[in-house]
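Student: I would like a close look at the surface and the empty spaces of this protein, with the charged pairs around them. Please explain each term as you go.

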Amino acid sequence: MINEDLKGLISALLVPYNEDGTVNEAGLRQVIRHNIDNMKIDGLYVGGSSGENFMLEKDTKKQIFDIAKDEVKNDVILIAQVGGTNLYEAIELGQYATELGYDAISAVTPFYYKFSFEEVKQYYFDLVDKVDNRMIIYSIPALTGVEMGIPQFTELFENEKIIGVKFTAADFFLLERLRKAFPNHLIFSGFDEMLLPAIINNVDGAIGSTYNVNGIRSREIMKLAQKGKIQEALAIQNDTNDLIEAILDNGLYPTIKQLLKLQGCDEGKFLSRKPMASATQVQIDRSKEIYEAYLKDVK
């Protein structure tokens, strides 16, 4: 079971919002086109953490799925992240995205309550039972508190509709064990700053937020690593991590949004969804410095 059509470099789509919390549709369409035309990404992961998804109403999530599909058509891979703590909403969103023509769905492990693994497994099984699409588990234990190892993934992957995992963790021993145990399942690297070691461990692709602005460099890391040119890839990863470190120090999502504006996505407001704070003037000024230092000459 190798889903070759889903492999590659995939941006976790950033979403610009207006002052009233509504989606800036024109700006979002710019971001999508920028990813496809300028960053040359292979796909978009829509409705994830980078889209501030867990602060959105169901109808707003659907609106973003609509806009992305309308803008992308069939140009790149589209994966809809539908998960959360509300199983019934996740099922509805999964069915909705599938009807739109999304290539796969993804779902974060249910969080906040300390769900048992049996509850987590049933959540996924209920989802794929009701949604006629392929499922990629979104594992991000640092934010969900849900740790899973080989025994748990073995049980989940017994369901033929669960085809892989977005692995957002720094546990490279587990990553190596997963790759060896499941050669025919998809594994996506979820930490942009660890792309090179993930590629060395033979992941099938990567899903991340900084690819919205740094897709060109990230593609080079992948290409060089796959050719065995590790030192050359490491040099680019070093430059990339300088950029990522500067972005994190200045505020992840507000800074990426400012960098997108500096790269030409300048239609309307590029604010965050409250209660997340939007960029202050200090952050805006620092974003310009980051752009000049790390992105201005990247083509």
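**From a surface patch to the spaces inside**

Tutor: Let's start outside: Tyr-112, Tyr-113 and Phe-115 make a nonpolar surface patch of about 400 Å². A patch is made of residues with over 30% relative accessible area and no salt bridge; nonpolar side chains (Val, Leu, Ile, Met, Phe, Trp, Tyr) are joined within 5 Å, like charges within 9 Å. Accessible areas come from the Shrake-Rupley method with a 1.4 Å probe, and for residues only the protein chains shown count as cover.

A word on the source: this is a predicted model, with residues numbered from 1 along each chain as its sequence is written. Local features need pLDDT of at least 70 and side-chain atom pairs 80 or more, totals for chains, interfaces and linings use all residues, and side-chain values use heavy atoms, leaving out hydrogens and water.

Phe-115 sits in the loop between β4 (104-108) and α4 (117-130); helices (H or I, at least four residues) and strands (E, at least two) are DSSP runs, numbered from the N terminus. With a relative accessible area of 31%, Phe-115 is partly exposed. Buried means under 20%, exposed over 50%, and partly exposed in between, again with a 1.4 Å probe and protein chains only.

Now the empty spaces. Rolling a probe the size of a water molecule over the atoms shows where empty space is left. On a 1 Å grid over the protein atoms alone, a cavity is a set of points where a 1.4 Å probe fits but cannot get out, while a pocket is an open set with protein on both sides within 12 Å along at least five of seven lines; lining residues have an atom within 4 Å of a point. Points are joined across faces, edges and corners, and a volume is the space filled by probe spheres set on them.

The whole structure has two cavities of 30 Å³ or more. The largest has a volume of about 50 Å³, and its lining includes Phe-167, Phe-172, Phe-191 and Met-194. That lining has seven nonpolar, two polar and no charged residues. Here Ala, Val, Leu, Ile, Met, Phe, Trp, Tyr, Cys and Pro count as nonpolar, Asp, Glu, Lys and Arg as charged, and the others, Gly among them, as polar. The second largest cavity is about 40 Å³, with Val-15, Asn-53 and Lys-61 among its lining residues; by class there are four nonpolar, three polar and one charged.

The largest pocket holds about 460 Å³ of space. Of its 26 lining residues, Ser-49, Ile-140, Leu-143, Leu-252 and Tyr-253 lie nearest its centre. At least two lining residues each come from α5 (141-144), β8 (205-208), α10 (230-250) and α11 (252-262). The classes are 14 nonpolar, eight polar and four charged.

Helix α11 also brings us to a charged pair. Lys-257 forms a salt bridge (a side-chain nitrogen of Lys or Arg within 4 Å of a carboxyl oxygen of Asp or Glu) with Glu-52, their closest N and O atoms being 2.6 Å apart. This pair links distant parts of the chain, for Lys-257 is in helix α11 and Glu-52 is in the loop between β2 (43-46) and α2 (58-72), 205 residues apart. Lys-257 is buried at 1% relative accessibility, and Glu-52 is buried at 2%.
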